[in-house]
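Please look through the sequence and the structure shown here before reading on, and keep both in view as you follow the explanation.

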Amino acid sequence: MLKVSMAGLRAGVMMLLLSLAAMPALAQQADSPEALIRDSVDALMEKIEGRKDHFAQHPEELEQVVESNLADVADFRYIGASVMGRYFGNATPQQRSRFVETFRQTLIDTYSRGLVTFDYREIRVPDAQQGARYDDQASVGMEVVGSDGTVYPISYTMRLDDGQWKVVNVIVNGINLGLTFRNQFDQAMRDQNRDYDAVINGWAPELAVDELEKGE
């Protein structure tokens, strides 16, 4: 599992990604990826307001909510293939599917823990956004203001898939999470002499969240 402390930003930085969780119900209402993210922030805050203690005592309920919502908005097969990188082509279909499932569960567990521990002042989507270079790709910025007033920038990489925008990567405070996980998978394959099954069975990516706090 990712190393996430249970206090302050070290616990909450993973929760920032949970703004994804409100997107599915809003997918048909938003005209752009920017509107989708902006609406999702409001919806997520509405879901967790006043229920942190309940979810902390019933983590299985929160995991079910997260799992249900992320299934529709995050392109886990695309993300999994990206994390496997150059090793994807030689993996069997079964190995690819198993890694995607393992990776998905890792994120769900992490997001769920962060959701009930993050202490923030404000989450906002700035009006000024970077223009998309392609019609089927977009980058949407978000800012999370910590309890101490520090602003942490989040950037969602999104792609249009069958008429629906989906998230394929996240950059937190300048740290590219997709690239970080890909490098870790590559190192694990080297350490395990390219034994796919051993790497997948032992997948427990290390993410130094203090690096996310400090940024690049």
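The paragraphs below go from the nonpolar core to a pair of helices and then to the sheet.

This is a predicted model, and a good place to begin is its largest nonpolar core, which has 36 residues. The residues with the most contacts inside this core are Val 83, Phe 99, Phe 103, Met 142, Tyr 156, Met 158 and Phe 185. Helices and strands both contribute, since at least two core residues each come from helices H3, H6, H7, H8 and H9 and from strands E2, E3 and E4. In soluble globular proteins, nonpolar side chains tend to be buried together. If we follow Phe 103 and set aside its neighbours within four places in sequence, we find it in contact with Ile 79, Val 83, Phe 181 and Trp 203.

The next step is to see how two of the helices meet. The axes of H6 and H8 come within 7 Å of each other and cross at roughly 50°, which means that H6 is oblique to H8. On the H6 side the contact involves Ser 82, Val 83 and Met 84, while H8 brings Gly 178, Phe 181, Arg 182 and Phe 185. Sorted by character, the residues of this contact are four nonpolar, two polar and one charged.

Turning to the strands, we find five of them in an open sheet, in the order E1-E2-E3-E4-E5, with antiparallel pairing. Strands E1 (120-124) and E5 (175-176) stand at the edges, and because each has a single partner strand, one side of each is left without a neighbour in the sheet. The antiparallel strands E1 and E2 are joined by four bridges, and Tyr 120 has Gly 146 in E2 as its bridge partner.

Conventions. Residues are numbered from 1 along each chain as its sequence is written. This is a predicted model: local features need pLDDT of at least 70, side-chain atom pairs count only at pLDDT 80 or more; totals for chains, interfaces and linings use all residues. Side-chain values use heavy atoms; hydrogens and water are left out. A nonpolar core is a set of buried Ala, Val, Leu, Ile, Met, Phe, Trp, Tyr and Cys residues joined through side-chain atoms within 4.5 Å. Buried means under 20% relative accessible area, exposed over 50%, partly exposed in between (1.4 Å probe, protein chains only). Contact means heavy atoms within 4.5 Å. Axes are lines fitted to C-alpha atoms, for helices over the stretch in contact, and angles run from 0 to 180 degrees between N-to-C directions. Angles under 35 degrees count as roughly parallel, over 145 as roughly antiparallel, 65 to 115 as roughly perpendicular and the rest as oblique. Ala, Val, Leu, Ile, Met, Phe, Trp, Tyr, Cys and Pro count as nonpolar, Asp, Glu, Lys and Arg as charged, and the others, Gly among them, as polar. Two strands pair if DSSP finds at least two bridges between them.
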